[in-house]
Number of protein chains: 2
Amino acid sequence: MTVTIKDVARLAGVSASSVCRALANPGGVRPDTREQVQRAVRELGYVPNRTARALSTGRTGNLGIVLPDLANPFFAGVVKAAQTRARALDHSVFLSDIDEDPAVETLLIRALLRQVDGFLLCSPRSSDEELRALHGKVPIVLLNRRLTPFPSVTLDAASGMTQALLHLHVLGHKRVAYVAGPRTSWANRERLRGLRSAAESRPIEVIEVGTAPPTVEGGAAMADVVLRTGVTAVLAFNDLTALGLLNRLRDRNFHVPEEISVIGFDGILLSSLVSPALTTIGVDMERIGQAGVDLLLETMADPAHPPAHRKLPTQLIVRSSTDVVRPH
Amino acid sequence: MTVTIKDVARLAGVSASSVCRALANPGGVRPDTREQVQRAVRELGYVPNRTARALSTGRTGNLGIVLPDLANPFFAGVVKAAQTRARALDHSVFLSDIDEDPAVETLLIRALLRQVDGFLLCSPRSSDEELRALHGKVPIVLLNRRLTPFPSVTLDAASGMTQALLHLHVLGHKRVAYVAGPRTSWANRERLRGLRSAAESRPIEVIEVGTAPPTVEGGAAMADVVLRTGVTAVLAFNDLTALGLLNRLRDRNFHVPEEISVIGFDGILLSSLVSPALTTIGVDMERIGQAGVDLLLETMADPAHPPAHRKLPTQLIVRSSTDVVRPH
DNA sequence: TTGTAGGCGTTATCAT
DNA sequence: ATGATAACGCCTACAA
């Protein structure tokens with residue numbers, strides 16, 4: 001039924017090891033032998049069983065990608081890019097959506113541990129300790145989180161926040177709100193830190209209005225709180241949150257951006273389609289996913305010399321054309 | 001370094017076979033033996049190597065999900081649900097985004113063939129022949145495509161299209177356009193068929209304006225063609241296409257829905273956030289993903305008696321509040 | 001250059 | 001109820 005290396009060997013009139021060599025190391029075998037083998041392979045439609053190979057070599061050719069929520073276009077975009085990159089490098093991808101639940105994260109990782117050569121952990125929600133406990137067991141690259149001794153791909157949130165605040169400053173804003181993301185999110189802390197730091201040197205007050213799930217619903221739920229602070233602008237943890245805000249503000253008959261400015265983070269497609277279009281701090285999801293996989297493969301190749309961290313740029317995308325402040 | 005079943009056996013003072021039994025079939029072993037084994041397992045932190053198990057049992061505990069484009073929120077939503085369901089049933093998921101390229105689809109499937117117990121093929125772009133060639137080799141469930149002898153999960157496109165056309169009819173529309181999706185998409189043909197069939201019994205003319213990639217860009221590119229037909233309403237293959245249309249129409253200073261109505265398909269979150277919100281034919285992505293996995297597991301359990309096809313409902317979601325026609 | 005003989009970790013068969 | 005033993009498919013010394 002299932003064609004194995006032995007079938008190929010028999011048909012080619014050689015031993016299994018020769019088949020193996022002919023495939024793995026075409027130079028290490030006589031040309032005519034290789035010819036025989038290749039013909040047999042084609043004829044039988046032989047495909048090596050990677051599961052069996054993994055048992056023997058200890059390498060599976062698989063990567064594990066773990067992320068908080070695939071419904072967030074940011075992660076979908078990153079995974080798409082990562083998966084494409086992985087395939088180009090002859091690797092398959094296990095996908096695990098933990099649905100924002102830190103508890104299942106480490107469980108999932110442990111379950112997949114021996115089925116992958118390494119993990120790309122996107123915005124992991126686990127504690128530093130839990131993650132560190134994994135170190136040495138399996139190559140890991142962190143996305144959107146910085147934690148020694150792991151290699152990681154992060155975003156230059158400080159730059160993005162500075163660009164955004166400068167933008168708001170020029171428009172005359174004096175008080176801005178920040179709607180935070182998950183407490184367990186390193187990126188959230190980083191963005192807030194960047195925002196605060198950018199505000200220090202400017203006459204702008206930053207008000208942290210609290211944490212919301214990084215979803216449209218989460219953002220919508222925070223709109224009233226934001227309004228109560230009387231700010232003229234609000235920065236959200238990410239685009240989904242910002243869109244939720246935008247929507248609820250519109251329901252409340254507040255005009256964006258005339259009465260209140262909203263700025264998101266990620267630059268997902270969706271942010272460009274709403275109207276008024278969302279001003280946001282954009283990132284290159286494709287590059288993020290690629291970089292993650294590249295770093296991971298480097299780490300796997302040489303665990304002793306893990307590659308350096310990579311910090312990717314952010315770029316403010318101003319979309320609302322009439323950011324005129326009318327302080328209230 | 002890595003703890004195997006033998007380590008457990010040694011520590012528990014039993015044979016490897018007993019460890020295996022104690023874990024797989026707790027009843028088939030003496031209570032005190034099981035006790036010993038469980039203690040050893042905990043102490044050593046033993047986790048069975050699923051790769052090795054797969055080699056022995058022939059079952060991997062993995063599913064493969066293949067889809068055209070993860071950047072499409074419809075597929076992201078379906079995959080999220082499917083993945084969650086799979087995990088609940090103790091299965092892991094391989095993900096493959098083929099980026100709308102039929103050529104890589106079968107290649108990918110063949111590559112993963114021995115690493116999964118079955119495939120969930122979402123909107124497969126391959127030909128009937130290519131797919132049928134896979135039959136018998138591995139359990140397969142089709143999503144968004146009907147093709148004997150495969151079990152499948154499909155949508156009641158005809159119903160959705162009928163609802164939409166009735167809606168347009170009531171509003172007085174006489175000529176509507178359909179912006180098609182990929183030619184290789186079964187769902188596209190089905191939707192067009194449903195639309196045509198619904199139009200037969202009504203005084204409405206359906207004009208197929210051509211094929212567009214099922215993306216925002218694809219939709220945008222078709223806007224001018226749609227305008228040239230002079231229709232008062234346009235149905236798009238999916239929401240992304242519809243949103244592209246919406247956007248470009250707005251750029252052309254056409255008012256939606258006053259001057260032209262736009263209707264999408266899928267009911268992705270995005271469609272509810274734009275303004276005017278997109279009227280669309282909604283589906284339950286979560287249920288689709290769940291049903292896909294459920295069917296697949298049934299098929300795997302008993303390949304001789306594959307489960308029946310499942311056709312899931314569609315529901316027109318009217319969002320634009322002022323669908324008044326001003327025929328031109 | 002090629003074949004033979006393990007072994008990877010697990011499960012299943014067969015005695016005991 | 002338990003323990004040897006033989007697979008599963010592949011890879012890699014080692015020997016020829």
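## A protein pair and two DNA strands

Around DNA strand D, the nearby surface is made of nine nonpolar, ten polar and three charged residues. Welcome to this structure, which is a predicted model. We will stay with DNA strand D for a moment, then turn to DNA strand C, and finish with a few places inside the protein chains.

### Around DNA strand D

Which of the 22 residues around DNA strand D come nearest? They are Ile5(A), Arg53(A), Ser18(B), Val29(B) and Thr33(B). Looking from the DNA side, 64% of the atoms of strand D within 4 Å of the protein are sugar or phosphate atoms, and the rest belong to bases.

Helices from both chains take part here. Helix 2 and helix 4 of chain A, along with helix 2 and helix 4 of chain B, each give at least two residues to the surface near DNA strand D. Helix 4 of chain A has the largest share, with five residues.

### Around DNA strand C

Now move over to DNA strand C. Its surrounding surface holds nine nonpolar, ten polar and three charged residues. Of the 22 residues around this strand, the nearest are Val29(A), Thr33(A), Ile5(B), Tyr46(B) and Arg53(B). Sugar or phosphate accounts for 65% of the strand C atoms within 4 Å of the protein, while bases make up the rest.

Four helices each supply at least two residues of the surface near DNA strand C: helix 2 (16–24) and helix 4 (50–57) of chain A, and helix 2 (16–24) and helix 4 (50–57) of chain B. Which helix gives the most to this surface? For strand C that is helix 4 of chain B, with five residues.

### Polar contacts with the DNA

The table lists some polar contacts between protein and DNA.

| Protein residue and atom | DNA partner | Distance |
|---|---|---|
| Ser15(A), polar backbone atom | phosphate oxygen, strand C | 3.0 Å |
| Ile5(B), backbone N or O atom | phosphate oxygen, strand C | 2.5 Å |
| Asn49(B), backbone N or O atom | phosphate oxygen, strand C | 3.0 Å |
| Ala52(A), backbone N or O atom | base nitrogen, strand D | 3.2 Å |
| Ser15(B), backbone N or O atom | phosphate oxygen, strand D | 3.0 Å |
| Ser18(B), side-chain N or O atom | phosphate oxygen, strand D | 2.6 Å |

Two rows are worth a second look. Ala52(A) has a base nitrogen of strand D as its partner, and Ser18(B) reaches a phosphate oxygen through an N or O atom of its side chain.

### Rings and charges

Away from the DNA, aromatic rings offer another thing to look for. A pair of such rings is described by how far apart the centres are and by the angle between the planes. Over all chains, there are three aromatic pairs. In one of them, the ring centres of Phe74(A) and Phe75(A) are 5.2 Å apart and the planes stand at 70°, so this pair is edge-to-face. Are these two residues buried or exposed? Both Phe74(A) and Phe75(A) are buried.

Charges sit over rings as well. In chain A, the charged end of Arg191(A) is placed over the ring of Phe265(A), 3.7 Å from the ring centre. In chain B, Arg191(B) lies over the face of Phe265(B), also at 3.7 Å from the centre of the ring.

### A buried serine in chain B

Our last stop is Ser123(B), found in the loop between strand 3 (118–122) and helix 7 (128–132) of chain B. With a relative accessible area of 5%, Ser123(B) falls under the 20% cut-off, so this residue counts as buried. Apart from neighbours within four places in sequence, Ser123(B) touches Pro68(B), Phe75(B), Leu143(B) and Asn144(B).

Note on methods:
Residues are numbered from 1 along each chain as its sequence is written. Chains are lettered from A and ligands numbered from 1 in the order in which they are written. This is a predicted model: local features need pLDDT of at least 70, side-chain atom pairs count only at pLDDT 80 or more; totals for chains, interfaces and linings use all residues. Side-chain values use heavy atoms; hydrogens and water are left out. A residue is near a molecule or strand if one of its heavy atoms lies within 4 Å of it. A polar contact is a pair of N or O atoms within 3.5 Å; within protein, one must be able to donate a hydrogen and the other to accept it, and residues adjacent in sequence count only if both atoms are side-chain atoms. Ala, Val, Leu, Ile, Met, Phe, Trp, Tyr, Cys and Pro count as nonpolar, Asp, Glu, Lys and Arg as charged, and the others, Gly among them, as polar. Rings of Phe, Tyr and Trp (its six-membered ring) pair if their centres lie within 6.5 Å; planes under 30 degrees apart count as stacked, over 60 as edge-to-face and the rest as tilted. Buried means under 20% relative accessible area, exposed over 50%, partly exposed in between (1.4 Å probe, protein chains only). A charge sits over a ring if NZ of Lys or CZ of Arg is within 6 Å of the ring centre and within 35 degrees of the ring normal. Contact means heavy atoms within 4.5 Å.
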